[in-house]
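Biologist: I'm new to this one and would like to learn how to read it. Could you put it up so we can go through some features together?

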Amino acid sequence: MPLRHPGDAGPGSPEYDDPVEELLDAVAAGRVDAVIAHPDNHALALLRRLRARSVRIPGDVAIVAYDDEVAGLADVPLSAIAPAKHEVGASAVELLVRRIEQPDAPRHRLFVLPRLRVRSSSGG
């Protein structure tokens with residue numbers, strides 16, 4: 001059940017809170033059993049709001065965060081997709097230097113896969 005993106009809106013604004021309430025209602029009704037939230041702080045806020053409604057994590061719904069900066073620090077440690085930030089940055093610099101030195105060189109496409117860190121929030 002994809003929700004509309006709140007853009008730059010934050011907690012306390014209808015653009016942010018309305019889709020979150022829609023999600024909370026769907027979880028409570030049993031229509032949603034897993035959520036991926038980006039970034040970590042949004043996943044932590046979602047965890048708090050779900051628990052305030054007596055939703056069991058991971059019993060009623062599993063939560064996976066994206067970024068893994070603070071996901072493991074929650075009272076229910078959140079499973080998280082952890083992008084390889086260092087590798088992305090180092091590869092970007094290497095490609096930029098190569099492009100500057102050889103402006104006519106063929107372009108490159110690079111895939112740097114993230115890691116999934118399974119923790120309590122997804123039953124791990």
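Biologist: Leaving aside its neighbours within four places in sequence, which residues is S121 in contact with?

Modeller: Keep in mind that we're looking at a predicted model. To read contacts, look for heavy atoms within 4.5 Å. Here S121 touches I57, P58, V61, A62, I63, V76, P77, L78 and S79, not counting those sequence neighbours. You'll find S121 itself in the segment after strand 4 (115-117).

Biologist: Is S121 buried or exposed, then?

Modeller: Buried means under 20% relative accessible area. S121 has 0% relative accessibility, so it counts as buried.

Biologist: What lies 2.8 Å from a polar atom of the S121 side chain?

Modeller: That's the backbone nitrogen of S79, and S79 is also on the contact list of S121.

Biologist: P58 was on that list too. Which residue does a cis peptide bond join to P58?

Modeller: For this you read omega. The partner is I57, and omega is about 5 degrees. P58 sits in the loop between helix 2 and strand 2 (62-66). Another cis bond runs from H38 to P39, with omega near -5 degrees; P39 is in the loop between strand 1 (34-37) and helix 2 (40-52).

Biologist: What about phi: what value does S54 have?

Modeller: Near 65 degrees, which is positive, and S54 is not a glycine. S54 belongs to the loop between helix 2 and strand 2.

Biologist: And why does S54 count as exposed?

Modeller: Because its relative accessibility is 61%, and exposed means over 50%. For another positive phi, try D67: about 130 degrees, again not a glycine. Look for D67 in the loop between strand 2 and strand 3 (79-82).

Note on methods
Residues are numbered from 1 along each chain as its sequence is written. This is a predicted model: local features need pLDDT of at least 70, side-chain atom pairs count only at pLDDT 80 or more; totals for chains, interfaces and linings use all residues. Side-chain values use heavy atoms; hydrogens and water are left out. Helices (H or I, at least four residues) and strands (E, at least two) are DSSP runs, numbered from the N terminus. Buried means under 20% relative accessible area, exposed over 50%, partly exposed in between (1.4 Å probe, protein chains only). A polar contact is a pair of N or O atoms within 3.5 Å; within protein, one must be able to donate a hydrogen and the other to accept it, and residues adjacent in sequence count only if both atoms are side-chain atoms.
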